[in-house]
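Please find below some remarks on the structure shown here, set out as numbered points. They are offered as a colleague's reading of the coordinates.

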Amino acid sequence: MAKIDGFLNSLKGLVTELISSREQDSIVIANDAIALVRRRVQTEKEDADGLEFGQYSQAVVPQWMLYNKSLSDGAEQRVKDGDWFQSYEDLREANNLETDAIDFTFSGDMWRNTGITTVQNTGFSTTVNLGGQTERASNIIGYQEERYGNIIAISDEEEQLVIEAHEERISNLINKYLG
């Protein structure tokens, strides 16, 4: 009987910790997911389906339309010293940024301010929403969605990685109480 009571107490401890850590675990899962998305978009330059976002625009505009958009005075001067008509790709090049494929990174501000926007607990469920954490980041993501779809969508592979990491955390917790 003592073994059954010990097992029941261990099981009770496991359930208690699962419930009490649910919100924090959900936050960890969401942060893992957005980190994987960011890495894919910035390094592989692909959407959740593995398709490239494309190339930066080579459509030219008068150079004055690119004024005050650079990250440094030196880059701003390169724009002003350049051709009278320049493209967004030229602006990125003047700022020493990659131009081979779209990665949604100019200043990095959008990615720094993309993450958890809300956490909601209802019963035995926690919902965590991801998106722009500032108005500017949210606007950039929304603006890009019209052309590229949801640029912060998680891929099937990323989802599987996040699931495996969570299953490992749960397994470790089970071993802690019942192992």
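1. The largest pocket has a volume of about 880 Å³. It is lined by 29 residues, of which Tyr-56, Tyr-88, Phe-106, Tyr-143 and Gln-144 are the closest to its centre. Two or more lining residues come from each of the elements α3, α4 and α5 (135-148). It should be kept in mind throughout that this is a predicted model.

2. On the make-up of this lining, α5 is the element that gives the most, with seven residues. Sorted by class, the lining of the largest pocket comprises 16 nonpolar, seven polar and six charged residues.

3. The largest nonpolar core holds 14 residues, and those that touch the most other members are Phe-53, Phe-104, Met-110, Trp-111, Ile-151 and Ile-152. At least two residues of this core are supplied by each of α1, α4 and α5. A second, separate core has five residues, among them Leu-66, Val-79, Leu-91 and Phe-106. Phe-106 thus appears both in this second core and among the residues closest to the centre of the largest pocket.

4. Which residues does Ile-152 contact, leaving aside its neighbours within four places in sequence? They are Ile-34, Val-37, Trp-111, Thr-114, Leu-130, Gly-131 and Ile-141. Of these contacts of Ile-152, Trp-111 is also listed with the core members that touch the most others.

5. The charged pairs deserve a separate remark. Side chains of opposite charge can pair when their charged atoms come close. The count for this model comes to seven salt bridges. One of them joins Glu-17 to Lys-176, with 3.0 Å between the closest N and O atoms. Because Glu-17 belongs to helix α1 (residues 2-44) and Lys-176 to helix α6 (residues 156-178), this pair ties together parts that are 159 residues apart in sequence. Lys-176 has a relative accessible area of 54% and is therefore exposed, the cut-off being over 50%.

6. A salt bridge is also formed by the side chains of Asp-32 and Arg-169, at 3.6 Å from N to O. Asp-32 lies in helix α1 and Arg-169 in helix α6, so this pair ties together parts 137 residues apart in sequence. Both partners count as partly exposed: Asp-32 has a relative accessibility of 27%, and Arg-169 has one of 26%. Helices α1 and α6 are accordingly linked by the Glu-17 and Lys-176 pair and by the Asp-32 and Arg-169 pair.

7. Between Glu-98 and Lys-45 there is a salt bridge whose closest N and O atoms are 2.7 Å apart. Glu-98 sits in the loop between α3 (88-94) and α4 (109-112), while Lys-45 sits in the loop between α1 and β1 (61-62); the pair links distant parts of the chain, 53 residues apart. Is Lys-45 buried or exposed? Lys-45 is buried, since its relative accessible area is 6% and the limit for burial is under 20%. Its partner Glu-98, by contrast, counts as partly exposed at 42% relative accessibility.

8. A final point concerns Thr-127, which lies in strand β4 (residues 125-132). Thr-127 has a relative accessible area of 38% and is partly exposed. Apart from neighbours within four places in sequence, Thr-127 is in contact with Thr-118, Val-119 and Gln-120. The C-alpha atoms of Thr-127 and Ala-30 are separated by 9.6 Å, although these residues are 97 residues apart along the chain.

Technical notes. Residues are numbered from 1 along each chain as its sequence is written. This is a predicted model: local features need pLDDT of at least 70, side-chain atom pairs count only at pLDDT 80 or more; totals for chains, interfaces and linings use all residues. Side-chain values use heavy atoms; hydrogens and water are left out. A salt bridge is a side-chain nitrogen of Lys or Arg within 4 Å of a carboxyl oxygen of Asp or Glu. Helices (H or I, at least four residues) and strands (E, at least two) are DSSP runs, numbered from the N terminus. Buried means under 20% relative accessible area, exposed over 50%, partly exposed in between (1.4 Å probe, protein chains only). On a 1 Å grid over the protein atoms alone, a cavity is a set of points where a 1.4 Å probe fits but cannot get out, and a pocket is an open set with protein on both sides within 12 Å along at least five of seven lines; lining residues have an atom within 4 Å of a point. Grid points are joined across faces, edges and corners, and a volume is the space filled by probe spheres set on the points. Ala, Val, Leu, Ile, Met, Phe, Trp, Tyr, Cys and Pro count as nonpolar, Asp, Glu, Lys and Arg as charged, and the others, Gly among them, as polar. A nonpolar core is a set of buried Ala, Val, Leu, Ile, Met, Phe, Trp, Tyr and Cys residues joined through side-chain atoms within 4.5 Å. Contact means heavy atoms within 4.5 Å.
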